[in-house]
Amino acid sequence: MAMAGVASAATLTEIATMEELATASSDTGTSVTLEAGYDKTTYSFTGAGSILQISLPEVSNYITGGTGYLTIAAWINPTATDENSIFSIGGQNTGFKFALKEGGLQMTTKGIADTNVTAANLGFTSIPTGDWTLVALSVNLTQNGDSRFYMSATDGKCATRNLGAWNEVTGDDLKLAIGSGNAGSVRDGFKGMISNLTLFSSDSLATNSEIAALMGTAPTLTIPEPTTATLSLLALAGLAARRRRR
């Protein structure tokens, strides 16, 4: 059921930023593009490539530690909302993945079960395409308790579920991926843009506004508008012409 008026005092501690995760990847597909001009680290995906084989011990050790919550938060701008993976840990049948699913959100304990939360459960018609939406998932690492899906910065736009256990993640499966359901290969590849994906730890579930306070506003382009750029070039050309006439 959707939660309304949820109150908590979670202390979210940043574990890894999108830039750190991407830097720790040993396999970033050629169809993955770092988008210039945004005020937040932003990558675009076509569904054919992902940021794979991310090795960050501070993240994998926290996930396998078994206590507290891992919160995966990101600004997403999808071109499709059927089944698009945002973040995952593990291989084909180990760990878990966080994804879009038919306009809502999904957590898959790989090889065990899918937990789907519709946009209606979160208080929306559907996650839109062609626009930015703040989404997040707080995973209860005890594997036996409430986890929470979030959509938007508005408190109460969330849904709490018991996700159950997932198959153990060990060895090379302790790798992560952005834009794929598997750490080592593209699975349900994301289509669109993912920005500022950040991982947090906490001892309790957060609210939408607590997550939003750390994630900031939607990504914006900081490059000049075409008209502004054109006017600047014309001004420089005029200055050069005046100097030549002197």
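Biologist: Let's start with Thr-94, at 13% relative accessibility: buried or exposed?
Modeller: Keep in mind that this is a predicted model. The cut-off for buried is under 20% relative accessible area. Thr-94 comes in at 13%, so it counts as buried.

Biologist: Okay, and where along the chain does Thr-94 lie?
Modeller: Look past strand β8, which covers residues 83-89. Strand β9 covers 96-101, and Thr-94 lies in the loop between β8 and β9.

Biologist: Which residue has its backbone nitrogen 2.8 Å from a polar atom of the Thr-94 side chain?
Modeller: Start with the contacts that Thr-94 makes beyond four places in sequence: Ile-89, Lys-110, Asn-167, Glu-168, Val-169 and Asp-173. The partner you want isn't in that list, which skips residues up to four places away. At 2.8 Å from the polar side-chain atom of Thr-94 sits the backbone nitrogen of Gly-91.

Biologist: Let's zoom out to the open sheet: which are its edge strands?
Modeller: Follow the order of the 7 strands, β3-β6-β15-β8-β9-β10-β11, with antiparallel pairing. An edge strand here pairs on one side only, and that fits β3 (25-28) and β11 (113-117).

Biologist: By how many degrees are neighbouring strands of this sheet turned against each other on average?
Modeller: Strands of a sheet pair through backbone hydrogen bonds, either parallel or antiparallel. In this open sheet the pairing is antiparallel. Ignoring direction, the average turn between neighbouring strands is 20 degrees.

Biologist: Now pick out β8 and β15: which residue in β15 does Ser-88 stand opposite?
Modeller: Strand β8 (residues 83-89) pairs with β15 (residues 176-178) in the antiparallel sense, over 3 bridges. On the β15 side, the residue opposite Ser-88 is Ala-177.

Biologist: On to charges: how far apart are the closest N and O atoms of Lys-97 and Glu-83?
Modeller: Lys-97 sits in strand β9 and Glu-83 in strand β8, 14 residues apart in the chain. Lys-97 is buried, with a relative accessible area of 1%, while Glu-83 is partly exposed at 22%. The two form a salt bridge, and the N and O atoms are apart by 2.9 Å.

Biologist: Which other lysine, in strand β9, meets Glu-83 in a salt bridge at 3.0 Å?
Modeller: Here the partners are 18 residues apart, with Glu-83 in strand β8 and the lysine in β9. The lysine counts as partly exposed, at 22% relative accessibility. The side chain that meets Glu-83 at 3.0 Å, N to O, belongs to Lys-101.

Biologist: And which residue does Lys-97 reach with closest N and O atoms 2.5 Å apart?
Modeller: The partner lies in the loop between β15 and β16 (191-202), so this salt bridge ties together parts that are 91 residues apart in sequence. At 29% relative accessibility, the partner counts as partly exposed. The residue bridged to Lys-97 at 2.5 Å is Asp-188.

Biologist: So which residues end up in one network?
Modeller: The model has 5 salt bridges by count. Some of them share partners: Glu-83, for instance, bridges to Lys-97 and to Lys-101. Joined up in this way, the network holds Glu-83, Lys-97, Lys-101 and Asp-188.

Biologist: One last check: over which residues does pLDDT stay under 50, with 17 contacts beyond four places in sequence?
Modeller: The chain averages a pLDDT of 89, and 87% of the residues score at least 70. Residues 228-236 are below 50 too, but that stretch has 1 contact beyond near neighbours in sequence. Where pLDDT is low, the predicted coordinates shouldn't be read in detail. The stretch with 17 contacts is residues 1-7.

Definitions and conventions
Residues numbered from 1 in each chain as written. Predicted model: local features only at pLDDT ≥ 70, side-chain atom pairs only at ≥ 80, totals over all residues. Heavy atoms only, no water. Pairing = 2+ DSSP bridges. Helix = DSSP H or I, 4+ residues; strand = E, 2+ residues; numbered from the N terminus. Axes fitted to C-alpha atoms, helices over the stretch in contact; angles between N-to-C directions. Buried < 20%, exposed > 50% of the residue type's maximum accessible area, 1.4 Å probe, protein only. Polar contact = N/O pair within 3.5 Å; in protein donor to acceptor, adjacent residues only side chain to side chain. Contact = heavy atoms within 4.5 Å. pLDDT = per-residue confidence, 0-100. Salt bridge = Lys/Arg side-chain N within 4 Å of Asp/Glu carboxyl O.
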